[in-house]
Amino acid sequence: MNGIFKKLAALIVCGAVVLSAQMVGSLTVHAQQIGVTVDGARVNFPDAQPVIINGRTLVPMRGVFEQMGFVGDWNPQTQTSTLMRAGMNIAVRSGDEFFTVNGVQNFPEVPPQLLGGRFMIPLRAVAESTGANVSWNENTRTVIITTGRATQTPAPTPTPTPTPTPAPTRNISIANQVGQMAAGIAGTVDFPVITQNIPNGSYQLALRGNLPNGIALQSSNLVINNNSGTLRLSGNTSTVPGTFVITVGINLGANGGWVDENLTLNITAPQMQVADISIGAMQGGPITQGSGLATVTFPVATRGFVNANYNVTLINPPAGVRLIAPTANAVAITSNTGTLSLEVDRTQVPLGNITLTFDFEVSPGAWLRRTATFTVGGAPAPTITGGTQVPSPIASGTGMQQVVFTFNVQNTTDGDKATNDLTNFPGVNHVGFFNVNNNIGTLVLSVNTNVLAPGTHSINFSALLTDATGDPSTDRWVPFTITVIVN
């Protein structure tokens, strides 16, 4: 036990704020030797002695409370010393002007403080918070503490008079004493209430003094259950901004009569309307795949916007999609509505839903990000895969050779298709059309092996294909690559 308090004293000296000479000079300190007894047994003070400051006796934490049956502990992270006994927890934190008993704050007339390098606490305030009786013998200058508990050293009296157990300390307090409410808006604000040794029940409430306009109790009674309850204030449209200290009376009846507690209510000014924007569903239904361009439009609804053109950026646009606007990257807003327009290359967009991300500049340097989705319908796009060379390879220096390539073609109609040589290799020409029959595509090349050097040559082509619907408006150029091998 002695080690705990020595550690406490050393840590508190390091972390606490030391009283200045000016502060100490403002206190009335009596250093004449003072005695303390607990249930008749005198307390030994091996280090710091009790002192009287402003009429209150302060003692070091070791000694007195050990004889009262408490066990001490020290938390170096929070700089808090704790005294524990069955059903009771007393905590004193370095630098605080109060101590807590089972979580309830107590503010003594003379606060805990450092004196001569020792942490001293107000004896009467702390001892009485445990239920002990404290008295003063002026003749012997002795503080007499009676706990009603069995003492470590029995008082030297032949027939000790039993001391009745004091009534439990009753407390009630508002845990969070500051609440927030917006002016001109009907609403409520809650204040948690914490009690100690007060029976469960409903207790009368009253507001005292000058109250801000529109503020009232939500209920005239406070319900306490398991040492806690909620005090609720209500406000209406007549409330005005300001900070108000309100006194709340709580009638504990036989448990202590009327108790007044103060709370602070901050009523803030109403917030200005925040600018906002939303993009509606795609207008006109899905667009179809095919050749040519399509226009996609979305309705735009805003809040808090003035009539003007607003900058819009399309974030990471997919291939074939760009903004259309009255001016570059802008959308016109009139009476909080507008239209967002896109131009879409139907040959480049895939089937299905395509989600786009937009940034709107609602004010210089301030952007809101929103998304919108448009749909591409129609038949699946034609595809060309594979490419087998016959014969493979062909011999170099053998003059003109015809080479046939076959492909797997999907989602198109049979027939001869226009072909475009994208690479234009010297000595290589395609013969006729790209023919499709039963999903097999055929391309014939004329290769001059006297011109085309030996090796593997990749040549890019494209074929103009119609999708499976046979609608010429959906024609598109589909790219593919062939590989010519010359030995």
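User: What makes S3-S2-S14-S13 an open sheet, and which strands stand at the edges?

Analyst: In this predicted model, four strands form an open sheet in the order S3-S2-S14-S13, with mixed pairing. Strands are DSSP runs of E, at least two residues long, numbered from the N terminus. Strand S3 (41-42) and strand S13 (133-137) are at the edges with a single partner strand each, so one side of each has no neighbour in the sheet.

User: How do you know that S13 and S14 pair?

Analyst: Pairing requires that DSSP find at least two bridges between two strands. S13 and strand S14 (residues 142-146) have five bridges in the antiparallel sense, so they satisfy that definition. Serine 135 stands opposite isoleucine 144 in S14.

User: Why is arginine 141 called buried?

Analyst: Its relative accessible area is 15%. Buried means under 20%, exposed over 50%, and partly exposed in between, using a 1.4 Å probe and protein chains only; arginine 141 is therefore buried.

User: What makes arginine 141 and glutamate 138 a salt bridge?

Analyst: Their closest N and O atoms are 3.7 Å apart. A salt bridge is a side-chain nitrogen of Lys or Arg within 4 Å of a carboxyl oxygen of Asp or Glu, so the pair qualifies.

User: Why does glutamine 49 count as partly exposed?

Analyst: Glutamine 49 has 35% relative accessibility, and therefore counts as partly exposed.

Residues are numbered from 1 along each chain as its sequence is written. Local features need pLDDT of at least 70, side-chain atom pairs count only at pLDDT 80 or more, totals for chains, interfaces and linings use all residues, and side-chain values use heavy atoms, leaving out hydrogens and water.
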